[in-house]
Structure formats: structure tokens, C-alpha cells
Amino acid sequence: MIALKDSPSNPETGMDNKTLVVIAIDDTDSKNGMCTTYIAYLLVEQFLRKGISFEDYPILIRLNPNIPWKTRGNGAVSLKFRTKDPEKAYEDACMLVSKYSELGKQANPGVVMSTISPPNIEIINFAETALSEVVSRREAISLMKKHNIQYRGWGKQRGLIGALAAIGNLLHNDATFELLAFRSKENWGHQRAVDNESVKKMSREIYPDTFNCYDEEKKRVLITPRGPDPVLLGIRGEYPEKVLQAYRMIKIDEAVKGYLIFKTNQGTGAHLKSKLDLSDLKAYRTGHFECTVIEPPKTGIGGHVYLKVKNKEGYANCAAYEPTGRFRKTVLSLIPGDSIEIAGSVRKRTSKHPATINMESLLIKKITDDIRFVNPDCNICGKRMSSKGQSQGFHCDFCNKTDRKAEKVKFENPRTIQVGIYIPPPRAQRHLTKPKQRYLLKHKIYSPLIEHWFN
Ligand code: ATP
């Protein structure tokens, strides 16, 4: 831990004349390296050394996961603190971003600073829209100019979108926590030395207060990323104390630079809150809609399952892709007439495929009776008869007997699914996907900054 000295030489000592500041950063990385959360870690470290006092956990906001130009999880970060010198803090942030970003290699960073807290409703609405729609950099810039928000961008400056959205997202309705541990530089690009058994044990012991750490079905550790970035592991959970407790249970066999606990919208389903209009399915949008199944679902090439639905606004093609595992089985059990609510993201129409909704969750609201009319059984041998044609009765091929009066028999096929919410397994979930157990959660109260939120 960094020791904070309350000495007269420390310019940040005392609460007088301190301004409440929020600084947000985004789009600093490429597929070859770096991570915005790591730059946030370095900035927190620098601010703490200077004695800057934090008002809240750093915020990690995941935005529309369907944005094609994202690097990985479409995350942006904001820091809320008090300082006597906001300009200096802003310069420090800009310096770190320009030093560590993958500039010229896919990164188009943005740094945004606001001293207005809470943010104006227009910024809050912008942040809300950025969760489920495509928003423009021009809109972000015009809002920042209007509301006296300071910003700096590099390259295409696209990061200004995510950074502004991170300032406008207050996590008032729901939040989770993630402890991100970072690797020592010499290990970047090498295999991560995290003990799988300890992850499994931790996941079993602390679940549901930590979640999506281990996939029991495929026996797969989910806390370690695969790429060359500085993140060693990320532990998600409901409370800061729990992610820290979980971290201390993990056996790590490599040098760790440190960790930081973020407050986040991960696991809250925030990107699916808005309604999708089937008469106007815009590419890359996310949301939910109620509908009725109109055709029996089908399995296609690659094991993907396709479903056709309608509501009063129109028709939609939906898909549960192969990685969603047994979720596809539930989708396959639907029949025409079932009333459901689908949440997911719109895949752009191509020359080969219509716009398709990638299903992220399925709420079965009403199950229709599966009533079928089948050919009658022969009353001599009991075998199923075949039809002689319309109104001409049925014939038994075994007894060679025709019964002209026989009629089709009503048969009720028992349904194998129940009303309720269905979600793909953890390995196929997005950062924002709300895990099933979280649907049962009552309102949570989080601790203010715990002692060891940074290390
Ligand atoms: P990481 O998770 O490792 O930080 P990333 O997946 O967040 O990487 P970025 O490099 O930040 O990817 O790229 C995402 C880009 O998309 C950013 O420039 C961000 O501002 C922009 N963006 C985010 N949400 C939207 C949106 N709703 N509409 C348009 N652009 C968006």
C-alpha cells in the first residue's frame, strides 16, 4: 500500500479548496497490448502518491458490446477524487494516456474531465444510449462543449465517446465489483501462472458473492484473459470485500504489480434494458422485446439454433449460437405459440443472412399446449395406421385392414420447458450479461472505499 502523508509539504493535505473532479479515459489499447484499466491503475497510483483523496472506487463501465470497432470488452474507466489542482490532475492523466496508449496501433484515446457532479441529465442520457446504441463522437464533443467539460483526444479521438459515457453512468440502479490484478512487465505476453485448482475452490466457496470465475461444465477458468495485455486476472463479485477475499485465495506463481478494485456495471444486464423495435432493427443495437414463436426452431450448420418470432411490430430471425451450449436446447424446445421475451443484440444484415438477433437471454412467459393429432392405432394389432387420404379412413399395413370410420386421435405432447429466465453458460456470457442468480438479488448496500481497494 502507498503511505499517504499528511505533511505540510504535501499540496493535497487538508480538505479546503478541493474540487470534486471526475476524469475518464478510453480507447487506449489494441489487440497487441495495453488495457485502459491498467492506465487507470497507474493513474490511481500516481494520484495516491500525491495525496489525492478518492471519493469512490474507480468505475469500469462496459458499453454497447455490439460495437464492431471495440478491442475486447468495450470498457471505459472513470476516477472520482478531490484535488486542489484539477488542471494538474488532468495533465497527469493526459500524460499517462499519451505515454502508454497503443497510439498508431488501433488506439484512438480520449481523456475527459468534469468538475460538475452529478453530471447534467444530457450527459446521463448520452451514457444510457451508449449502452445499447451507436453514438457519435460529434455528439459527444458538442455535449462536452455545451457543458464546459474539458477533453483531449488522440488519433480519431473515438475514445471521447466511451470516456464521456463513463462520466455519465452513475451506477445508481445496480453495480458489481471487479478486482483486477496486473502483471509485472517482464511477464507480459507470457502464459499466466495462476493455479486452476485454487480458482475452482475459491469459486465454489464464495459463489454467488463472486461469479463467472469458473465454468463447472467445461472445467474452465474464466478469470484470466488470454492476450498479451497487462491484466493477470479479474475477479467479479457483489461486494468489494468479497472480491478481495477471493483474490487472497488464488495461488499465483508470478510477480504481480498490484491490483485495483473497480465498481462496475458488469453483470447488471444494463445493455438490454431498452426496447428493440422489430419494425426498425438497426445494426449493432441491443435490447429486449416480447414476441411469439411462429415456427419450430431449427439447428443449422455449426450447431447454431435459429428461431423465428413475431410481435405487433414485425418479424425477427433470432439465433442461439453454438458457444451458448445447452442454452440452445432450451431454445430448441420452444414451439409455435409460446410467448417469450428475447434479449440480445442485432447482427447486421449481410448478402447471405437477414438481420439476426443474437440471443443473450430468454424469458419464457407462457407455454402453449403442444397438441397434435396423430393417426389412430389399429384395434387388432395396436400398430400405428396410415392414412388412406382425406375422409377415406386409415389402413393397417400389418393386418391389411382398412377402417373407414377411424379418425385422427388428439395427443398432448408433454412440454420439457418451464416458465422462467434462461441464460447461456458463464463462458458464453458477455461482461454485461446478468448471471441468473443476480435476478433474485434484493437491493444491495456497498461499503464506501475499503482499506485495501488499491495495492
Ligand atoms: P478494453 O476493454 O481492453 O479497454 P475496448 O474493448 O474497450 O478495450 P476500445 O479500444 O475502448 O475497446 O474501443 C471501443 C471504442 O468504441 C471506443 O473508442 C469507444 O469510445 C467507442 N464506443 C463505445 N461505445 C460506443 C457506442 N455506443 N457508440 C459508438 N462508439 C462507442
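This passage describes strand β5 and the interface of domain 1 and domain 2 in a predicted model. Local features were accepted at pLDDT of at least 70 and side-chain atom pairs only at pLDDT 80 or more, whereas totals for chains, interfaces and linings use all residues. Residues are numbered from 1 along each chain as its sequence is written, and side-chain values use heavy atoms, with hydrogens and water left out.

Strands and helices are DSSP runs numbered from the N terminus (E, at least two residues, for strands; H or I, at least four, for helices). Strand β5 comprises residues 110–114, and 5 of its 5 residues are buried, so the strand is largely enclosed by the rest of the structure. Buried denotes under 20% relative accessible area, exposed over 50% and partly exposed the range in between, with a 1.4 Å probe and protein chains only. Burial extends to both faces of β5: Gly110, Val112 and Ser114 lie on one side, and Val111 and Met113 on the other.

Strand β5 pairs with strand β1 and with strand β6, pairing being assigned if DSSP finds at least two bridges between two strands. Strand β1 (residues 19–26) runs antiparallel to β5 and is joined to it by 5 bridges; Ala24 is found opposite Val112 of β5. The pairing of β5 with β6 (residues 150–153) is likewise antiparallel and involves 4 bridges. Here, Met113 has Gln150 of β6 as its bridge partner.

The domain bounds, which come from an automatic or database domain assignment, are 15–168 for domain 1, 176–268 for domain 2, 270–369 + 415–433 for domain 3 and 370–413 for domain 4. The centres of domain 1 and domain 2, taken over C-alpha atoms, are 24 Å apart. Contact (heavy atoms within 4.5 Å) links 22 residues of domain 1 to 20 residues of domain 2. Together the two domains bury about 1,700 Å², of which 67% is on carbon and sulfur atoms; buried area is the accessible area (1.4 Å probe) that two parts lose on being put together, summed over both. Tyr38, Tyr41 and Tyr57 provide 36% of the area that domain 1 buries against domain 2, more than any other three residues.

Between domain 1 and domain 2 there is 1 salt bridge, defined as a side-chain nitrogen of Lys or Arg within 4 Å of a carboxyl oxygen of Asp or Glu. Lys263 forms a salt bridge with Asp56, with 3.3 Å between the closest N and O atoms. On the side of domain 1 that touches domain 2, α1 (36–49) and β3 (59–62) each supply at least two residues. The largest share of that side, 7 residues, comes from α1.
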